[in-house]
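Work through the exercises below with the sequence and the structure open beside you. Try each task before you read its solution.

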Amino acid sequence: RGRGLGRHARGAAMRRHGLLLAAACVLAFVRDTRAAAPLTAERVDALAAGKKVLWKGHAWAAWERNTTAGEITIVLVAKSAGWISLGWHHDALTDEMHGVDLFMAHAGSAGHFGDFGDFFSVRNRVPVRDSTCSSGSEDYLATYVSFDAASGLTTAAFTRTMAAPDQFDLPLGVEDEWTRLIVAYEPGASGDFTVIHSHQTRQDHVWANFYTGEVCPVETYHECRPDRSPPGQEGTPLPRTRPIPKFECVAWSESGGGEGGDAAAAPPPPPPAPAASGDAGGGAGDDHGDSKSGGGDEHTSGGASKEGNDSKSGGGSGAVTGAIVVVVLGLAAVGGYAAYKWHRRRRYMRMTRAFMLSSDSAFAGEEVLGGEEPISTRLPEL
């Protein structure tokens, strides 16, 4: 009786463990599927409709924070048929490419074989892809890109966690703070991420507050920049709030690449200060195309992702992993059941043969197993 109770307890424990394992697999599959939900053209279009000017006539951006999931989705629209890029600094006071987390994308041939990259930079050099480092990875949960030949605009979008996913990434939209941005794009149309931008296709006199939705574009650099000195203290240097991050890439350093590849072109100087207070306007309201130098490109970009061929790349690795787990568990269950049925049938056949051989000596020995006359012909003799 004690042995029976022990077997019963062990069986109950094994069933509980099996149920817990199955529940964990289902939860992991559901979580990975949620995180890998791709960005659709409709959603990107809806976000792009509310885009704000970063650099008039060159680049616009829109974003959406999901505080429940801890994620942020950013849409970048730029005037280029090649790659486009958006970078954010570790500190609003830092300029150029020192300590920058970068998103790069291009729509590819005919606008539908896109590529995306999670990059970082510590100098004015060609950025380094996070995944080339032993401790880095591509951390975008979903991506999207399209190119509209009629307007010449590329629209790209990505979703990632607001917290830094790894040591080569920076927080984005976590706190109410200004972030200095870098906007750049390829002068040509090759889509090669190693092609360096020109002096005219890169700008870093841009700020955004991803928490509040505020933007300080290039055109109002002198009026709204968050690094300006307090009133009455013009020219007083402000202290940096955070040190430059140490992006240490083991594979990159060992390859002899030093701290980057070819030097990138220096950014253009900031726009001159307005001569009079009445001439300072016209920067922030350029989204509706009512300025002198034309904001009409903003309207053409609204249908860019509908008319152009698009390429969507959801963070498929999570969904694939979850699907593989489910398939493997299903195959294991089917294989176990098949093995069980096969062993039962084999045992039944062995018992049947043993019974038939032992029931009459005429069926024993080599006369039955290896004889010339089949067993079926001898059945009437029984």
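**Exercise 1. The whole chain**

Of the 382 residues of the protein, what percentage count as buried?

Solution. Keep in mind from the start that this is a predicted model. The step that decides the matter is the cut-off, since a residue is called buried when its relative accessible area is under 20%. With that rule, 39% of the 382 residues count as buried. The surface can then be described as well: the protein exposes about 20,700 Å², and 58% of this area is supplied by carbon and sulfur atoms. As for secondary structure, the protein has eight helices and 13 strands.

**Exercise 2. The nonpolar cores**

Find the largest nonpolar core and state which strand gives the largest share of it.

Solution. Begin with the size, which is 39 residues for the largest core. Next, look for the residues with the most contacts inside this core, which are Leu54, Ile74, Leu86, Trp88, Phe103, Leu181 and Phe210. The largest share of the core comes from strand β3, residues 71–78, which gives four residues. Finally, notice that there is a second, separate core of 13 residues, including Leu39, Val44, Val53 and Ala157.

**Exercise 3. Strand β9 and its partners**

Describe how strand β9 is covered, and identify how it pairs with β3 and with β8.

Solution. Strand β9 spans residues 153–161, and eight of its nine residues are buried, so that the strand is described as mostly covered. On pairing, β3 and β9 run antiparallel and are joined by eight bridges; within this pairing, valine 77 has threonine 155 of β9 as its bridge partner. Strand β8, residues 142–148, also pairs with β9 in the antiparallel sense, here over seven bridges, and valine 145 stands opposite alanine 156 in β9. The hairpin of β8 and β9 has four residues between the strands, and in this hairpin glycine 152 takes a positive phi near 75 degrees.

**Exercise 4. Two aromatic pairs**

Classify the pair of tyrosine 140 and phenylalanine 158, and then the pair of phenylalanine 168 and phenylalanine 247.

Solution. The count of aromatic pairs comes to ten. To classify a pair, use the angle of the planes: under 30 degrees counts as stacked, over 60 as edge-to-face, and the rest as tilted. For tyrosine 140 and phenylalanine 158, the ring centres are 5.0 Å apart and the planes stand at 55 degrees, so this pair is tilted. Tyrosine 140 belongs to the loop between β7 and β8, while phenylalanine 158 belongs to strand β9, and therefore the pair ties together parts that are 18 residues apart in sequence. Both partners pass the test for burial, tyrosine 140 with a relative accessible area of 11% and phenylalanine 158 with 1%.

The pair of phenylalanine 168 and phenylalanine 247 is likewise tilted, with 6.3 Å from centre to centre and 45 degrees between the planes. Phenylalanine 168 is in the loop between β9 and β10, and phenylalanine 247 is in the loop between α3 and α4, 79 residues apart. Phenylalanine 168 and phenylalanine 247 are buried. To finish, place the earlier pair in its surroundings: Tyr140 and Phe158 form one aromatic cluster with Trp88 and Phe103.

**Exercise 5. Salt bridges, buried or partly exposed**

Of the salt bridges formed by glutamate 64 with arginine 43 and by arginine 160 with aspartate 101, decide which has buried partners.

Solution. The structure holds six salt bridges. In one of them, glutamate 64 meets arginine 43 at 3.0 Å, N to O. Glutamate 64 lies in strand β2 and arginine 43 in helix α2, so the pair ties together parts that are 21 residues apart in sequence. Glutamate 64, at 36% relative accessibility, is partly exposed, and arginine 43, at 34%, is partly exposed too.

Turn now to arginine 160 and aspartate 101, whose closest N and O atoms are 3.1 Å apart. Arginine 160 lies in strand β9 and aspartate 101 in strand β5, so this pair ties together parts that are 59 residues apart in sequence. Arginine 160 and aspartate 101 are buried, which answers the task.

Conventions. Residues numbered from 1 in each chain as written. Predicted model: local features only at pLDDT ≥ 70, side-chain atom pairs only at ≥ 80, totals over all residues. Heavy atoms only, no water. Core = buried A, V, L, I, M, F, W, Y, C linked by side-chain atoms within 4.5 Å. Buried < 20%, exposed > 50% of the residue type's maximum accessible area, 1.4 Å probe, protein only. Helix = DSSP H or I, 4+ residues; strand = E, 2+ residues; numbered from the N terminus. Pairing = 2+ DSSP bridges. Phe/Tyr/Trp six-rings, centres within 6.5 Å; stacked < 30°, edge-to-face > 60°. Salt bridge = Lys/Arg side-chain N within 4 Å of Asp/Glu carboxyl O. Areas by Shrake-Rupley, 256 points an atom, 1.4 Å probe, with all protein chains shown as cover.
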